[in-house]
Amino acid sequence: MKLSVVTCTGNRPESFRLCEMYMKRQTIQPFQWIILDDGDDKTPTTMGQDYIYLPEYRGPTSLVKKLSHLVGNKLAKHDALVFFEDDDAYAP
């Protein structure tokens, strides 16, 4: 099975670092991990993720815009799609 993971992030490098740490611990690794970033600064990645920087997609509807971009441009290549959150509220 080809698993695609999507993380929408922006200006949360510490919580994204934790996402990478937890992803490395998984027994099933994603075929593709797509980072949809709308932060002021690009989020550093270390696992060769498909990185899409979308600073123009900010605001209350940014998630819908980013996912529309992902689906509309057929960027995800998967049998199953998982959304992996990186919220700073969860980081501690």
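This passage describes the sheet, the helices that pack on it, one loop residue and the largest pocket of a predicted model.

The centre of the description is an open sheet of four strands, which follow one another in the order S3-S2-S1-S4 and pair in parallel fashion. Strand S3, covering residues 50–53, and strand S4, covering residues 80–83, are the edge strands, since each of them pairs on one side only. Averaged over the sheet and with direction ignored, neighbouring strands are turned by 20° against each other. In general, the strands of a sheet pair through backbone hydrogen bonds, and the pairing may be either parallel or antiparallel. Within this sheet, strand S1 (residues 3–9) and strand S2 (residues 32–37) run parallel and are joined by six bridges; in one of the pairings between these strands, Thr7 has Ile35 in S2 as its bridge partner.

Helix H1, formed by residues 13–24, packs on the sheet, where it touches S1 and S2, and its direction makes an angle of about 175° with that of S2. The 12 residues of H1 reach 17 Å from the first C-alpha to the last, a span close to the 16 Å expected at 1.5 Å a residue. Several residues of this helix are buried, namely Ser15, Phe16, Leu18, Cys19, Glu20 and Met23, and the buried residues of H1 pack against S1 and S2. Helix H2, formed by residues 62–72, lies across S1, S2, S3 and S4, and runs at about 145° to S1.

The loop between S3 and H2 contains Tyr57. Because its relative accessibility is 22%, and buried residues are those under 20% whereas exposed ones are over 50%, Tyr57 counts as partly exposed. When residues up to four places away in sequence are not counted, Tyr57 touches Asp38, Ser62, Lys65, Lys66 and His69. Of these contacts, His69 is 12 residues from Tyr57 in sequence, and the C-alpha atoms of the two residues are 9.8 Å apart in space.

Empty space in the model was also examined. As a general principle, rolling a probe the size of a water molecule over the atoms shows where such space is left. The largest pocket has a volume of about 190 Å³. It is lined by 13 residues, of which Thr7, Cys8, Leu63, Phe83 and Glu85 are the closest to its centre. The elements that contribute two or more residues to the lining of this pocket are S1 and H2. Thr7 therefore appears in two parts of this description, as the bridge partner of Ile35 and as a residue lining the largest pocket.

Note on methods:
Residues are numbered from 1 along each chain as its sequence is written. This is a predicted model: local features need pLDDT of at least 70, side-chain atom pairs count only at pLDDT 80 or more; totals for chains, interfaces and linings use all residues. Side-chain values use heavy atoms; hydrogens and water are left out. Two strands pair if DSSP finds at least two bridges between them. Axes are lines fitted to C-alpha atoms, for helices over the stretch in contact, and angles run from 0 to 180 degrees between N-to-C directions. Contact means heavy atoms within 4.5 Å. The expected span of a helix is 1.5 Å times one less than its number of residues. Buried means under 20% relative accessible area, exposed over 50%, partly exposed in between (1.4 Å probe, protein chains only). On a 1 Å grid over the protein atoms alone, a cavity is a set of points where a 1.4 Å probe fits but cannot get out, and a pocket is an open set with protein on both sides within 12 Å along at least five of seven lines; lining residues have an atom within 4 Å of a point. Grid points are joined across faces, edges and corners, and a volume is the space filled by probe spheres set on the points.
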